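Visitor: Hey, can you walk me through this one? I'm new to reading structures.
Guide: Sure, let's look at it together.

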Amino acid sequence: FAGVLGDLGVSGVQMVGPLLGFNAGVELGQVACVALFLPMAFLARRTRFYRVGVLATGSVVLLGLAGFWFVERAFAAGPG
């Protein structure tokens with residue numbers, strides 16, 4: 001976002017307000033997602049679906065993504 005602002009000719013102190021607003025919006029969006037997901041996860045925490053479907057499967061998927069991103073960045077593999 002800062003790069004786009006720089007391309008538009010915004011620099012220095014002029015960039016502070018838009019950057020803070022953008023970052024605050026991102027953080028509020030993350031808080032909203034957690035606020036929606038956390039109560040559902042809390043209620044479902046003892047179900048088989050949550051233990052197997054969410055925790056186990058989700059962990060494997062995240063591990064795979066992390067491994068892919070590590071290899072892509074560490075060895076400059078993949079697109080780009």
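Visitor: What follows α3, and what is its phi like?
Guide: A76 follows α3, and its phi is positive, near 50°. Helices here are DSSP runs (H or I, at least four residues), numbered from the N terminus. This is a predicted model, where local features need pLDDT of at least 70 and side-chain atom pairs count only at pLDDT 80 or more, while totals for chains, interfaces and linings use all residues. Residues are numbered from 1 along each chain as its sequence is written, and side-chain values use heavy atoms, leaving out hydrogens and water.

Visitor: Where does α3 bend?
Guide: At G58, by about 25°. That's the angle between axes fitted to the seven residues ending there and the seven starting there.

Visitor: OK, new topic: is R73 buried or exposed?
Guide: R73, which sits in α3, is exposed, because its relative accessible area is 60%. Exposed means over 50%, buried under 20%, and partly exposed in between (1.4 Å probe, protein chains only).

Visitor: And W69?
Guide: W69 is in α3 too, which covers residues 48-74. At 45% relative accessibility, W69 counts as partly exposed.

Visitor: How far apart are the C-alpha atoms of R73 and L8?
Guide: 29 Å, with their positions 65 residues apart along the chain.

Visitor: Which elements have the lowest and highest mean pLDDT?
Guide: Helix α1 (residues 2-7) has the lowest, 72, and α3 the highest, 93. pLDDT is the predictor's confidence in each residue, from 0 to 100. For the protein, the mean is 87, and 92% of residues reach 70 or more.

Definitions and conventions. Helix = DSSP H or I, 4+ residues; strand = E, 2+ residues; numbered from the N terminus.
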